[in-house]
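Open the model in your viewer and keep the sequence panel beside it. The tour below goes from one selection to the next and says what is found at each stop.

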Amino acid sequence: MQHKEEFIKIIKENAGLIYKVTKVYTNSMEDEQDLYQEIVYQLWKSFSSFRNESKISTWMYRIALNTAIAHLNKEKKKGSHLPIDEWLMNKPDLNDTLKEEQVEILYSQIKKLDTIEKGIILLYLDGRSYDEIAGITGFSNTNIGTRLGRIKQKLITQIN
Amino acid sequence: MELEEMKTIWGEMSAAIEKQKMLTDALIIRMTQADYRNKINKILIPEAVGSAVCFAAFLFILINLQKLDPWYLMVCGIMSSLIIILLPVLSVKAIYKMHSINIGGNNYKQSLLEYSKGKLQFVFVQKLTFYLGSLLILTLVPVMGKLIANADMFKVTRLWYCYVIMFPFFYWFATWVFKQYRKIIQGAENILKELEI
């Protein structure tokens with residue numbers, strides 16, 4: 001029971017992380033819900049093997065990104081979600097239409113990147129260090145630097 | 001929009017998400033339970049039904065194999081039974097392979113590698129299944145004609161003519177189907193190429 005309480009606390013504290021991953025890797029509300037639930041389920045499945053050797057966010061990113069990739073294989077099927085009215089995902093309420101628009105533009109441009117790039121830019125924008133990004137993705141620090149340079153350029157060209 | 005601006009917007013959005021905290025304990029608990037996860041069953045039920053039908057047909061042909069006379073019907077029977085048993089094995093294996101990413105143990109790069117390789121293998125198996133399925137139609141018709149109606153369809157009908165007419169159609173259809181897979185193959189190959197950099 002304590003195990004479950006601890007898990008719930010971690011999910012609540014890091015719900016934004018899951019939200020951002022689902023938003024970047026999906027193209028519809030239905031798919032977003034499906035992936036969100038799948039990530040929580042996969043986190044719960046691996047929770048017992050998490051041994052505090054890495055930061056909790058590092059572990060969560062790793063599982064969430066792997067689940068997102070595995071989700072790319074799934075056929076889009078209806079009827080496996082929680083009811084929509086119960087769906088209270090942590091959607092950002094920025095109280096500013098312009099900001100919300102900018103966030104939407106940013107998401108839409110990130111979605112245009114390829115699968116490898118999406119994961120790297122997500123971690124970068126979330127303020128993760130090169131070491132942490134390397135740890136989560138399995139690429140070397142130098143490789144991350146090179147890739148980030150390319151992604152930044154791509155994003156700026158796309159947006160402007 | 002410059003990169004620093006992107007980072008600022010992203011940060012503000014992240015802060016706004018953190019403030020909301022709308023996930024309830026009950027909702028999280030429900031997400032950890034397997035009851036909503038009927039997706040796997042949706043894939044496996046048709047596969048299981050298909051496999052059972054194939055196995056029944058395999059047994060039917062095998063039990064009645066000695067009735068397939070002359071030799072060309074026997075050849076058709078053997079080919080049909082081999083294909084019938086091979087098809088579900090290939091299909092189930094490809095589906096499992098595609099869904100076998102080690103979510104708990106992999107890093108992002110490893111998952112992308114497994115995903116891309118699984119995808120390529122899946123398309124290969126789909127193509128193979130398509131060819132085998134088409135061949136099965138050709139071999140199964142005379143076999144069932146003999147076993148069910150005791151008729152040698154090569155003699156009592158103009159089955160050969162049907163095959164000749166069907167071939168161009170089959171060729172056109174195969175070209176069309178495989179064109180649909182080209183994009184998937186290209187996508188998977190691009191990821192593999194990118195990972196090598």
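Start with chain B, which holds seven helices and zero strands. Read from the N terminus, its elements run α-α-α-α-α-α-α. Bear in mind throughout that this is a predicted model.

Zoom out until the whole of chain B is in view. Along the principal axes, the C-alpha atoms of chain B fill a box of roughly 80 × 40 × 25 Å. The radius of gyration of chain B is 25 Å, whereas a compact globule of 197 residues would have one near 16 Å. If you colour by burial, buried residues come to 18% of the 197 residues in chain B. On a contact map, take the contacts of chain B with a separation of 6 or more: 75% of them join residues 24 or more positions apart.

Next select A48(B), which sits in helix α3 (residues 39-63) of chain B. Is A48(B) buried or partly exposed? With 13 other C-beta atoms within 10 Å, A48(B) is partly exposed, because the count for a buried residue has to reach 20 or more. Then add G105(B) and draw a C-alpha to C-alpha distance: A48(B) and G105(B) are 29 Å apart in space and 57 residues apart in sequence.

Now cross from chain B to chain A. Show α4(A) together with helix α5 (residues 108-149) of chain B; their axes come within 9 Å and cross at roughly 10 degrees. That angle makes α4(A) roughly parallel to α5(B). Which residues of α4(A) meet α5(B)? Display L65(A), N66(A), I69(A) and L72(A) as sticks on α4(A), and opposite them Y108(B), S111(B), L112(B) and Y115(B) on α5(B). This contact of α4(A) with α5(B) has six nonpolar, two polar and no charged residues.

Stay on chain A and colour it by domain: domain 1 covers 1-91 and domain 2 covers 92-160. Where the two domains of chain A touch, 11 residues of domain 1 are in contact with 12 residues of domain 2. On the domain 1 side, the elements that give two or more residues are α2 (15-25) and α4 (56-72) of chain A. The largest share of that side, five residues, comes from α2(A). By class, the domain 1 side divides into five nonpolar, two polar and four charged residues.

Move on to helix α6 (residues 115-125) of chain A and helix α8 (residues 141-159) of chain A. Their axes lie 10 Å apart and the helices pack at an angle of about 95 degrees, which makes α6(A) roughly perpendicular to α8(A). At the crossing, select E117(A), I120(A), I121(A) and Y124(A) in α6(A), which meet I144(A), R147(A), L148(A) and I151(A) in α8(A). The residues of this contact divide into six nonpolar, no polar and two charged.

Keep α6(A) selected and hide α8(A). How many of the 11 residues of α6(A) are buried? Nine are, so α6(A) is largely enclosed by the rest of the structure. Those buried residues are T115(A), I116(A), G119(A), I120(A), I121(A), L122(A), L123(A), Y124(A) and L125(A). For the last stop, step just past the end of α6(A) to G127(A), which takes a positive phi of about 80 degrees.

Key:
Residues numbered from 1 in each chain as written. Chains lettered and ligands numbered in written order. Predicted model: local features only at pLDDT ≥ 70, side-chain atom pairs only at ≥ 80, totals over all residues. Domains from an automatic or database assignment. Contact = placed C-beta atoms within 7 Å. Helix = DSSP H or I, 4+ residues; strand = E, 2+ residues; numbered from the N terminus. Nonpolar A, V, L, I, M, F, W, Y, C, P; charged D, E, K, R; others polar. Axes fitted to C-alpha atoms, helices over the stretch in contact; angles between N-to-C directions. Parallel < 35°, antiparallel > 145°, perpendicular 65-115°, else oblique. Rg over C-alpha atoms; globule rule 2.2 N^0.38 Å. Buried ≥ 20, exposed ≤ 12 C-beta atoms within 10 Å, placed from the backbone.
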